[in-house]
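Hi,

Here is the structure I promised to pass on. Have a look at it first, and then read my notes underneath.

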Amino acid sequence: MEIVGEFNDKVFEVVRNIPTGYVSTYGDIARAIGEPRKSRFVGYALRNNPDPSVYPCHRVVFKDGSLAASYIFGGLGVQRKRLESEGVPFADDTHVDIARCRWTPGSIAFGRPTDIDWDAEMAE
């Protein structure tokens, strides 16, 4: 695998588990790997995706359900087409219906930093 660094490895491990027909958010991924303040870094990691058929980064969206205008494998239109082909419901042209198709990673055994108030971090 051409992914560099432990952070990226953790991101890709979570992303590869997002089920077909569902999406997760950058923040969901960051929290799942024990780095709740690094959702932007999740996006940076996904820009280095070596194989979108293995690591379905098109299934990662913003917390309001909006698609990534800079989706690395063809832009917003391609991301939307891929999600539609998997049955992901849309609220409008640029937002998935996040309430109907959000997948939140379970407790993943990467460990959690102990210096964070997890109840506060996980609240939305």
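To get going, what covers the buried residues of α3? Keep that one in mind while you turn the model around, and remember that this is a predicted model.

First, the overall picture. The protein chain has 6 helices and 4 strands. Starting at the N terminus, the order of the elements is α-β-α-α-β-α-β-β-α-α. The chain is 124 residues long, and 45% of them are buried. About 6,900 Å² of the protein chain is exposed, with carbon and sulfur atoms supplying 48% of that area. If you take the contacts with a separation of 6 or more, 63% of them link residues 24 or more positions apart.

Now back to α3. Its buried residues are Val42, Gly43, Ala45 and Leu46. These sit on the same side of α3, because they span an arc of only 160 degrees around the axis. As for my question, the cover over them includes α1, α2 and β2 (60-61).

Next, α1. The buried residues here are Asn8, Lys10, Val11, Phe12, Val14 and Val15. Among the elements that cover them are α2, α3 and β2. So how do α1 and α3 pack, and at what angle? The angle is about 85 degrees, and the axes are 10 Å apart. That angle is why α1 counts as roughly perpendicular to α3. On the α1 side, the contact is made by Phe7, Asn8, Val11, Phe12 and Val15, and on the α3 side by Phe41, Val42, Ala45 and Leu46.

Some of these names come back in the largest nonpolar core. This core has 19 residues, and the ones with the most contacts inside it are Val11, Val15, Ile29, Val42 and Leu46. Two or more residues of this core come from each of α1 (6-15), α2 (26-32) and α3 (39-46). There is also a second, separate core of 9 residues, which includes Val23, Val61, Val88 and Val96. Val42 is a good residue to click on: leaving out neighbours within four places in sequence, Val42 is in contact with Phe7, Val11, Tyr26, Ile29 and Ala30.

I also looked at two residues in loops. Is His58, in the loop between α3 and β2, buried or exposed? His58 counts as buried, because its relative accessibility is 1%. Setting aside neighbours within four places in sequence, the residues in contact with His58 are Tyr71, Gln79, Arg82, Leu83 and Glu86.

The other one is Thr94, found in the loop between β3 (90-92) and β4 (95-96). Thr94 has a relative accessibility of 31%, so this residue counts as partly exposed. Not counting residues up to four places away in sequence, Thr94 touches Gly65, Ser66, Leu67, Leu76 and Arg80. Try finding Gly65 from there: Gly65 and Thr94 are 29 residues apart along the chain, and their C-alpha atoms are separated by 8.1 Å.

If you want a path through the model, start with α3 and its buried residues Val42, Gly43, Ala45 and Leu46, go on to where α1 and α3 pack at about 85 degrees, and finish with the loops that hold His58 and Thr94.

Cheers

Note on methods: Residues are numbered from 1 along each chain as its sequence is written. This is a predicted model: local features need pLDDT of at least 70, side-chain atom pairs count only at pLDDT 80 or more; totals for chains, interfaces and linings use all residues. Side-chain values use heavy atoms; hydrogens and water are left out. Buried means under 20% relative accessible area, exposed over 50%, partly exposed in between (1.4 Å probe, protein chains only). Contact means heavy atoms within 4.5 Å. A nonpolar core is a set of buried Ala, Val, Leu, Ile, Met, Phe, Trp, Tyr and Cys residues joined through side-chain atoms within 4.5 Å. The arc is that of the directions from the helix axis to the C-beta atoms. Accessible areas come from the Shrake-Rupley method with a 1.4 Å probe; for residues, only the protein chains shown count as cover. Axes are lines fitted to C-alpha atoms, for helices over the stretch in contact, and angles run from 0 to 180 degrees between N-to-C directions. Angles under 35 degrees count as roughly parallel, over 145 as roughly antiparallel, 65 to 115 as roughly perpendicular and the rest as oblique.
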